[in-house]
Amino acid sequence: MNTEIPVAKPFRKTGDPVELTSESPLHPRRKSRRIMVGPVPVGGGAPISVQSMTNTLTANVGATLQQIAELTAAGCDIVRVAVPSQDDADALPEICRKSPIPVIADIHFQSKYVFQAIDAGCAAVRVNPGNIRKFDEVGPSICKAATDAGISLRIGVNAGSLDKALYAKYGGPTPEALVASALKEAHMFEDVGFHDFKISVKHHDVITMVETYRLLASKGDWPLHLGVTEAGPAWQGTIKSCLAFGALLAEGIGDTIRVSLSAPPVEEVKVGCKLLEYMGLRPRKFDIISCPSCGRAQVDVIQLASAVTEGLKDITAPIRVAVMGCIVNGPGEAREADLGVASGNGKGQIFIKGKVIKTVPEDQIVDTLLTIANDIAAQMEAEGKVPANATGPVVVPIQHPGH
C-alpha cells in the first residue's frame with residue numbers, strides 16, 4: 001500500500017471556525033467549546049471523531065505509516081503514536097509529513113519530547129501532567145509552544161496516574177477523585193491562558209467511567225475524549241466500550257472516542273465506527289442483520305451468517321444484507337433489507353428490495369448472496385454512492401467445535 005499520501009499543510013489553526021455540526025437523534029449534544037486536531041474539529045457539536053493508536057515501534061517509520069494507512073482505510077479520523085524514546089521523537093517529522101490523518105504524539109515522563117513533537121508538526125500532543133516531571137514548571141512553556149504552533153493538547157487522568165493526595169483523600173480512583181484531578185489540570189492550563197485542550201478521565205470499570213464523565217461534563221465546557229481504559233480482549237472490550245459510550249452518547253456527552261482493545265488497532269476503529277453508526281451519529285454504511293439461533297431455524301443460522309459476514313468483510317457500500325433462518329420473521333426482515341435471504345426446507349428465497357428474485361438450494365445461498373452483494377456494491381461505487389471512509393462489517397470470528 002502506498003503511504004506517500006500528500007496532506008494539505010499547514011493544518012487549520014486551532015479555534016478557526018468550522019461549520020460542521022452533528023446532532024444525536026436521542027439527546028441534544030452537550031455544548032462544548034471546539035478545538036482542532038489538525039483539520040479535524042473536536043467539540044462544539046462537530047461530528048464525533050474516531051481515534052486509535054498504532055502498536056508499531058514509532059521509530060520504524062515504514063511500519064508505522066503502513067499501519068496508519070490501514071487505520072485510515074478502516075475509517076480512523078485521528079491517530080496517536082507512542083513517543084517513549086528519542087528515536088521515536090526523531091521519527092515524528094517524517095510520520096507527520098506523510099500521514100493521511102492527523103497525528104497525536106503520546107508523551108509521558110519526558111517533557112522534552114512534547115516540544116519535539118510540536119516542532120515535528122504533530123496535530124496535537126497528549127500529555128499526562130500526573131507523570132510529566134516538574135510539570136508545574138514546564139506546563140506554561142508547553143502551553144506557549146502549543147499556542148505558537150496553533151495546535152491543541154489532550155490532558156487527562158486514569159486510575160493509574162491519579163495524584164497520591166487525591167487517591168488518599170477520596171479513598172481510591174472514584175469519580176470524584178478523577179474529576180478533581182482533571183479539574184486541577186484544566187485550571188493549570190487555563191490559568192496561563194491556554195484553552196485549546198480536550199480532557200479524558202478513563203477507567204476500566206464501566207459504571208465508574210460513566211459516572212466520572214457525567215460529573216466532569218457538568219463542571220465545564222471542555223471537549224471530552226471518551227475511553228474505557230484497559231477494556232480487555234476484543235469481545236470483552238467491545239461490550240464494555242459499547243455500554244459506556246452508548247450510555248454517554250445517548251445523553252449527548254462525548255466529542256471523540258477511542259475503543260481500547262487488546263486487539264489489532266484496526267479492530268478498534270471498526271468497532272468505533274459501527275458504534276457511531278448504530279447510535280445515529282454517523283451515516284449508516286454496510287450492515288448485516290441476522291436472526292438469532294432458535295428451535296424454529298431450519299438452517300444453521302450461525303454458520304450461514306458467519307460465512308456471509310466473512311465473505312462480505314471488504315464491502316463498504318451502504319447496503320443492508322439480511323440472513324434469516326426461518327419463515328416466521330425471515331421474509332419480513334429480508335424485505336426490509338437491500339438484499340436478503342429467508343431460509344427453510346433446504347432452500348433459500350433471495351430478496352432484493354422486497355422482491356423475490358430467485359430460490360436456490362441451501363448449499364448455494366452463501367455464494368448467491370455474495371455475488372449479488374458485490375454486484376450491488378460495484379454499481380453503487382460506479383454511481384458515487386459510497387461515502388468517503390466507508391467501513392466494512394465488524395467481523396467476530398466464530399469458533400466451531402473441532403476447529
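Which residues of E6 are buried on one side, and which on the other? I started my notes with this strand. The model is a predicted one, and I kept that in mind for every entry below.

**Entry 1: strand E6 and its neighbours**

I found both faces of E6 covered. Ala-124 and Arg-126 are buried on one side, and Val-125 and Val-127 are buried on the other. This fits the general pattern, because side chains in a regular strand alternate between the two faces of the sheet.

I then looked up the strands that pair with E6. Strand E5, residues 103–107, pairs with E6 in the parallel sense over four bridges. Ile-107 stands opposite Val-127 of E6. Strand E7, residues 152–158, also pairs with E6 (residues 124–127) in the parallel sense, over three bridges. Here Val-125 stands opposite Leu-153 in E7.

I placed these strands in their sheet. It is an open sheet of eight strands with parallel pairing, in the order E8-E7-E6-E5-E4-E3-E10-E9. Its edge strands are E8 (197–202) and E9 (225–226), each of which pairs on one side only.

**Entry 2: aromatic pairs**

I searched the whole structure for aromatic pairs, and the search gave three. The ring centres of Phe-189 and Phe-197 are 5.6 Å apart and the planes are at 45°, so I logged this pair as tilted. Phe-194 and Phe-197 form a stacked pair, with 6.5 Å from centre to centre and 15° between the planes. Ring pairs link Phe-189, Phe-194 and Phe-197 into a cluster.

Are Phe-189 and Phe-197 buried or exposed? Both are buried. The relative accessible area of Phe-197 is 0%. Phe-194 has a relative accessibility of 2%, so it counts as buried too.

I also checked for a charge at the cluster. The charged end of Arg-33 sits over the ring of Phe-197, at 5.2 Å from the ring centre.

**Entry 3: helix H10**

Next I took helix H10, residues 301–311. Its buried residues include Val-301, Leu-304, Ala-305, Val-308 and Thr-309. These five cover an arc of only 125° around the axis, so they lie on the same side of H10.

What covers the buried residues of H10? The cover includes three strands, E11 (287–290), E12 (320–324) and E13 (339–344), together with helix H12 (365–382).

**Entry 4: strands E11, E12 and E13**

I followed the strands over H10 one pairing at a time. E11 and E12 run parallel and are joined by four bridges. The bridge partner of Ile-288 is Val-321 in E12. E12 and E13 also run parallel, again joined by four bridges. Ala-322 has Gly-340 in E13 as its bridge partner.

Why is E12 described as largely enclosed by the rest of the structure? Four of its five residues are buried, so the description holds.

**Entry 5: cysteines and the annotated site**

I looked up the UniProt record, an unreviewed entry. Its "binding site" annotation covers Cys-291, Cys-294, Cys-326 and Glu-333. I noted where one of these lies: Cys-326 is in the loop between E12 and helix H11 (330–336). Cys-326 has a relative accessible area of 8%, which is under the 20% limit, so I entered it as buried.

Cys-273 is a separate lookup. It lies in helix H9, residues 265–278. Its relative accessibility is 0%, so it counts as buried. The C-alpha atoms of Cys-273 and Pro-283 are separated by 9.9 Å, the two residues being 10 apart along the chain.

**Entry 6: whole-chain totals**

I closed with the totals. The protein has 12 helices and 15 strands. Of its 403 residues, 54% count as buried. Among contacts with a separation of 6 or more, 66% are between residues 24 or more positions apart.

Notes. Residues numbered from 1 in each chain as written. Predicted model: local features only at pLDDT ≥ 70, side-chain atom pairs only at ≥ 80, totals over all residues. Heavy atoms only, no water. Phe/Tyr/Trp six-rings, centres within 6.5 Å; stacked < 30°, edge-to-face > 60°. Buried < 20%, exposed > 50% of the residue type's maximum accessible area, 1.4 Å probe, protein only. Lys NZ or Arg CZ within 6 Å of the ring centre and 35° of its normal. Helix = DSSP H or I, 4+ residues; strand = E, 2+ residues; numbered from the N terminus. Arc of directions from axis to C-beta. Contact = heavy atoms within 4.5 Å. UniProt positions renumbered as here; feature names shortened; annotations may be inferred. Pairing = 2+ DSSP bridges.
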